[in-house]
Amino acid sequence: MSSLISGVKGTAQSLTALRRPWRDFFDISAVDLPSSTSDATTRIAQNLTHFRLNYTLILLLILFLSLIYHPLSLLTFLVILLAWFFLYFARDREEPVVIFGFFIDDRIVIAALFGLTVAGLVLTGVWVNVLVALAVGVGFVILHAALRRTDDLVMDDLESPYGHVLAGGDDELDSPRGDYSGI
């Protein structure tokens, strides 16, 4: 029992460290219209990477609030939330999920859990609520990501969606040319 409690404490500390501060997320002074479509798509890519956990929590909160008057769906949602907790939130980020010897990327895990969440809630008969909640949640995420400037964000090159292009080093695996050599 004490190992479970210490595991939950460690996960809470890990999530607190991974989640970006909400004051940075809701910083009104960082909101500005993008100058072009290219600027908007760059902002979206960078903000989705930087605030990934914050956006995930907002989408889950919107889904939860849409189910307050549907107890069976809410129970299903809570069971699926446990799957989210153990497969995404409580897992060490340095170790990917391994299924049948294949390493599964975080984005695949998020997509699978999100699909499981939607499927579980749709099968309980609240597909309209889920669809509206998803539309509102995704709309909010895309709108926030497009309007929030990224010049004040502190990112590691490896965290950036362009990290593989920006990463420097002498390691051949990090080279943009891969294993190929010149003639």
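Here are some worked exercises on the predicted model shown above.

Before starting, note that residues are numbered from 1 along each chain as its sequence is written, and that side-chain values use heavy atoms, with hydrogens and water left out. Because the model is predicted, local features need pLDDT of at least 70 and side-chain atom pairs count only at pLDDT 80 or more, while totals for chains, interfaces and linings use all residues.

**Exercise 1. Describe the overall layout of the protein chain.**

Step 1: Take helices (H or I, at least four residues) and strands (E, at least two) as DSSP runs, numbered from the N terminus. The protein chain then has 8 helices and 2 strands.

Step 2: Put them in sequence order, and the pattern reads α-α-α-α-α-β-β-α-α-α.

Step 3: Apply the burial cut-offs: buried means under 20% relative accessible area, exposed over 50%, and partly exposed in between (1.4 Å probe, protein chains only). Of the 183 residues, 29% count as buried.

**Exercise 2. Work out how H3 and H7 pack.**

Step 1: Two packed helices are described by the angle between their axes and the distance between the axes. Axes are lines fitted to C-alpha atoms, for helices over the stretch in contact, and angles run from 0 to 180 degrees between N-to-C directions.

Step 2: For H3 (residues 37-50) and H7 (residues 127-147), the angle is about 110° and the axes are 7 Å apart.

Step 3: Angles under 35 degrees count as roughly parallel, over 145 as roughly antiparallel, 65 to 115 as roughly perpendicular and the rest as oblique. H3 and H7 are therefore roughly perpendicular to each other.

Step 4: List the residues in contact (heavy atoms within 4.5 Å). Ala40, Arg43, Ile44, Asn47 and Leu48 of H3 meet Val141, Ile142, His144, Ala145, Ala146 and Leu147 of H7.

Step 5: Sort them by class, with Ala, Val, Leu, Ile, Met, Phe, Trp, Tyr, Cys and Pro as nonpolar, Asp, Glu, Lys and Arg as charged, and the others, Gly among them, as polar. The contact of H3 with H7 has 8 nonpolar, 2 polar and 1 charged residues.

**Exercise 3. Repeat the analysis for H6 and H7.**

Step 1: H6 (residues 106-123) packs on H7 at about 145°, with the axes 8 Å apart.

Step 2: Phe114, Val118, Leu121 and Val122 of H6 make the contact with Trp127, Val130 and Leu134 of H7.

Step 3: By class, this contact has 7 nonpolar residues, no polar and no charged ones.

**Exercise 4. Which residues have the most contacts inside the largest nonpolar core?**

Step 1: A nonpolar core is a set of buried Ala, Val, Leu, Ile, Met, Phe, Trp, Tyr and Cys residues joined through side-chain atoms within 4.5 Å.

Step 2: The largest one has 30 residues, and Phe77, Trp84, Tyr88 and Leu121 have the most contacts inside it.

Step 3: Helices H4 (52-66), H5 (71-89), H6 and H7 each supply at least two of its residues, and H4 gives the largest share, 7 residues.

Step 4: Now follow Tyr88 outwards: leaving out residues up to four places away in sequence, its partners include Arg93, Asp106 and Leu113.

**Exercise 5. Is aspartate 106 buried or exposed?**

Step 1: Aspartate 106 is found in helix H6.

Step 2: Its relative accessible area is 14%, so aspartate 106 is buried.

Step 3: Not counting residues up to four places away in sequence, aspartate 106 touches Tyr88, Arg91 and Arg93.
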